[in-house]
Every structure is written in structure tokens, then in C-alpha cells.
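Thanks for coming, everyone. I'll put a two-chain complex on the screen and walk through it. Have the viewer open if you want to follow along.

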Amino acid sequence: MTAPRIALRIVVVVAALLLQVCVVNRMHLPLGTPDLLVIVVVAFALVGGSQRGAVLGFFAGLLADVVPPADHYAGELAFSYAVIGYVAGMLDAGEESTVPTIIAVVAAASFGVVLLYAGLGDLIGDARISAGVAGRAVAATVVYDVVLAPFVVPLVSAAARRFEPAGTR
Amino acid sequence: MRNARRARLVLTLLLLTALTLVTLDYRSGALSGIRKAASTVFGPIETVISDVVHPIGSWFSGLAHLGSYKSENEALHKKLAEVETQLRMTATEREEYAQEQQLLHLAGLAQFTTVAARVTAYGAAFGFESTVTIDRGTANGIAKNETVISGAGLVGRVVDVSRNTATVQLADDSQFTVGARLSTGTLAVGSLQGNGRGKDMSLQLLDNTVRLTKGQQLVSFASGPGGPFVPEVPIGTITAVAPATGQLAQTATVHPFVSFGSLDVVAVVVASPKSIQHDLLLPKSPTPAPTVTVTVTATPGVTPPPATSGSTSGVTPSTTPSSSASTTP
């Protein structure tokens, strides 16, 4: 990882996170919200592979755990996004992902990340986690993310590849 | 293959680290320093972004909520939608001003010492959390656990504070609990709990002798010196009472006065007078609209509902006496 690549990842992750809390969550869409961070983590993982996907997911999640107005235990999102980044990275084929692939991966990742977060929260006795809320959260996140993914993923992947000389991985 | 094994090892280490962090935070709150640092860095950025995107955000929010009015007259609705989306762009400031006026009115009545703040960011965590960031912090005299109000009533409580920003847990968050008192003369006290983003709250009343009815209003109940809540802040109206089935506590659904989806200007109560007159802050009409313009229509007594008053007035003298079980051959 060279400095420009790391810088790109920091910029994109921070931008997605701030966009999430300042703009997306403010809209109060029905049922739930899209989760921009999942899409970004998947996009980078599809370019960088499992290990980088896991590392990026971990730090992106950790940031989301502590940037206000987060109000849960630090590490919960880091755990969830690290798993998602790892799994999505296994699908890195070294070439441009097609739109159906992107949609399928983002849908699965959104589904997985909400379930992981809810499961972990439930384990440590988070009163916010209930089957009803979790069901709605999963449905909303998957649907909204699938709508956004075809626009966001190619953009992020293209930016990532610019900093990634072919064959060096 | 070696790459794959290394990736697995890295993942394992990351997950163990994450779980360790969760444990540390859970046990001791050892990570509050990191959290504070993040708030100090990102809080002001959120303030700046919110200043820029605020009108755009509320415009989108207007669009998102148009769907919920569908049951109304469609033609009228369409026209309204056009006008509304046009208005929203320009009326953001006017709306904010109205909220401010309402807030000043409430805080003035109660003689609360408040710090006004603007909501800069909303938390979600996929929709599990209901929290916001406000653009005032310790530098403005805000401390943890203080009550946050708006012109309509109770908004939430401060759960975290840094120098220039604070995190507020909204009253519809599932982790939110507040002591509440029935407004109508009684001193019946219960506990009111959030049920998640956008959902009504639920009330548990410990006193079984008081009958809960639809339309009754609730105000906050002081949680003791040093406790989070100042008393007498309006919270909401009872919309449904669960049938009492031999339970110790009565339960009811409470619709909050504050609409948590459209918060702009809020105030943190940093000091309150020793005592506040009961029911002083409640909206005056029995069916409160959230936009209170205090027109004093003299309706002094809240008329009790005519439930079970004339106990079985039309007594139908049944021809068969109930005790006639002796006619069996």
C-alpha cells in the first residue's frame, strides 16, 4: 500500500461516513436507511482482495463506531465490516465487475453486515436489537444499497484502480 | 494459497481486536478518550457540512415523506406536493425561526436556563439507533445527562459531550427511558420507554388504581438531584391502552409531541428552577396539535370520558332467573 492509495481510501471512507450522518440519515427514508459504508467497503474489496478488504472494513467500521452521533460499543461495526470486506474480497477476479455481480455482492454484504451487527449487539444485550427492527433494517438496507450500488461501486473501483498498477497485488 | 492463509490470519486478528475493543468499552468505557477525540475532530466538520447541506437535506426529506399522505385526496395532494417542495427550499429558515420561537416560549414559561443548539447529524446504525449530534458542547456549558427539549416537548438526553458538540439520544431510541407523570391532576407515575426510530413510546404505570385513558398527556418526572431529567417537560399523548390482564403494571402506547424526523433547533436545559407548577407546559387544548400558538380558549376542566358512568342503566329484567339451575329432570 503506497501513500496515495491509503490516502484515497481514507478520503472515500470519511466522505461516505459524513455523507451518511449529515445527509442520508437526515432524510428519514421509510423503514431504514441505505448504508454507504457497506457499498464503499465492497467496492474496495472487489479491487483489493480479501486481506485488504478485511483491513479496510475494520478501520472503516471502527471510524463509524466512534464518529458522533454513534452510541454503541466501539468495535461492533469494525467487526461486522471486517467480515464483509474479507468475504467480498474473495470475489476479486482482477477485472471489472459486471453490474449483476456488483448488485449480488452488495445485496449479500448489506444483508450480512446488518445481521452481524444485530447478532453481536444481541449477544452483549443491546436493548435496541429486536427481531422486528432487525427485519426492517435488513430489508431497507439491502433494497436501498442495491439501488445505489451500480452508481457508487464502479466509481470507487475506477478511482481505486487508477492508483493500482496492473499486476501488483 | 499462502495469500489466502495470510488473509485468514489477518481477518482473525482483526476480529479478535474488534471483540477486545467491544469488551473494553463494555466493561470500563476505556475507549471514551478515543470517542472524545473523534467527536472533537469530526463534530465541527459535521457542523460545517450540515450548514451547507441542510436546505438540500430537508428538501429531500420533504420528498421522502410525500408518500405517507397518499390516502388523502390525490389531486389536492399533487398540487400540495408541488407547492410544498417549492416552499421547502425557501422556507427552511422560516421553519427554523418558528421552532425557535416555540422553544423560547416553552423555556421561558418554565424558567429553564437553556443552551440552544442545532442538529447537525443523525445516527442510524442501520436504523437501530436514534441519536443526533448537536453543535454545542462543554464550551457552552453542556454536560452529560442533561435534558434536551424543543418547543413541542421532550427531545432526549445528552449521552456524550465533547468541546464543541454533543450527542443526544432521542426519546424514540430503544435504550431511552424516562420517568413520566400523568398530567390530569393525579400524581400517577410510570416509566416511559422508546421503541425505536419513528415508533411510538410505551408507558408502564405502576399504580393500578389509576385508570389510563386515551388522550391523557404525560410530562417528565424529575429523576432526583443529579438525575438526567428536569420535571414537567411535555412528552406525549396516550393513543392506546393495553387491556389490563391481571398484570402488575398498566401499559399504554404514547405518541410523542416532538416529531423526531424533523428536528432543527433544540435546547439543552442546563439549569431549572426548584419547582415548576404542574401541567404548566402542556399544550392548552385536549387534542394538541404540534404547532402550538397558545390561543387561550377557556376549557378549564378536562372532561372525563363517559365510561361506565350510569352503570347498566337499562337493566333488562331477564325472564329466566340466573339461579334456575334446579330444573334438571
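Start at B:Leu203. Across in β11 of chain B, its bridge partner is B:Ala252. This is a predicted model, by the way. The two strands behind that pair are β8, residues 201-205, and β11, residues 250-256, both in chain B. They run antiparallel and share 5 bridges.

Now zoom out. Which strands of chain B close into a barrel with β8 and β11? The order is β6-β7-β8-β11-β10-β9, so to speak a ring of 6 strands, with antiparallel pairing. On average, neighbouring strands in this sheet are turned by 40 degrees against each other, ignoring direction.

Stay with this barrel's strands for a moment. Between β9, residues 217-220, and β10, residues 234-241, there is a loop, and B:Glu232 lies in it. Look at its backbone. Phi is near 70 degrees, a positive value, and this is not a glycine. Most residues other than glycine have a negative phi. Is B:Glu232 buried or exposed? The cut-off for buried is 20 or more other C-beta atoms within 10 Å. B:Glu232 has 24, so it counts as buried.

Next, the second barrel. Chain B has another set of 6 strands that closes up, in the order β1-β2-β5-β4-β3-β12. The pairing is antiparallel here as well. The average turn between neighbouring strands is 45 degrees, direction ignored.

Take one pair from it. β4 covers residues 154-161 and β5 covers residues 166-170. They pair in the antiparallel sense over 5 bridges. For B:Asp160, the bridge partner in β5 is B:Thr167.

Then β12, residues 265-271 of chain B. How many of its 7 residues are buried? The count is 5, so the strand is largely enclosed by the rest of the structure. β12 pairs with β1, residues 113-122, antiparallel, over 6 bridges. There, B:Ala117 stands opposite B:Val266. β12 also pairs with β3, residues 147-149, antiparallel again, over 2 bridges. In that pairing, B:Ile149 faces B:Ala267.

Over to chain A. Two backbone details here. The first is A:His28, in the loop between α1, residues 3-24, and α2, residues 36-48. Its phi is positive, about 50 degrees, and it is not a glycine. A:His28 has 21 C-beta neighbours inside 10 Å, so it counts as buried.

The second is a peptide bond. From A:Pro68 to A:Pro69 it is cis, with omega near 5 degrees. Most peptide bonds are trans. A:Pro69 sits in the loop between α3, residues 50-66, and α4, residues 76-89.

Last topic: how the chains meet. In the contact count, 44 residues of chain A touch 50 residues of chain B. Which helices of chain A each supply at least two residues to its side of that contact? They are α1, α3, α4, α5 at residues 99-123, and α6 at residues 131-162. The largest share, 6 residues, comes from α3. By residue type, chain A's side divides into 29 nonpolar, 9 polar and 6 charged.

To recap the places to click. In chain B, look at B:Glu232 with its positive phi, and at β12, with 5 of 7 residues buried. In chain A, go to A:His28, again with a positive phi, and to the cis bond from A:Pro68 to A:Pro69. That's my tour. Over to you.

Technical notes:
Residues are numbered from 1 along each chain as its sequence is written. Chains are lettered from A and ligands numbered from 1 in the order in which they are written. This is a predicted model: local features need pLDDT of at least 70, side-chain atom pairs count only at pLDDT 80 or more; totals for chains, interfaces and linings use all residues. Two strands pair if DSSP finds at least two bridges between them. Helices (H or I, at least four residues) and strands (E, at least two) are DSSP runs, numbered from the N terminus. Axes are lines fitted to C-alpha atoms, for helices over the stretch in contact, and angles run from 0 to 180 degrees between N-to-C directions. A residue is buried if 20 or more other C-beta atoms lie within 10 Å of its own, exposed if 12 or fewer, and partly exposed in between; C-beta atoms are placed from the backbone. Two residues are in contact if their C-beta atoms, placed from the backbone, lie within 7 Å. Ala, Val, Leu, Ile, Met, Phe, Trp, Tyr, Cys and Pro count as nonpolar, Asp, Glu, Lys and Arg as charged, and the others, Gly among them, as polar.
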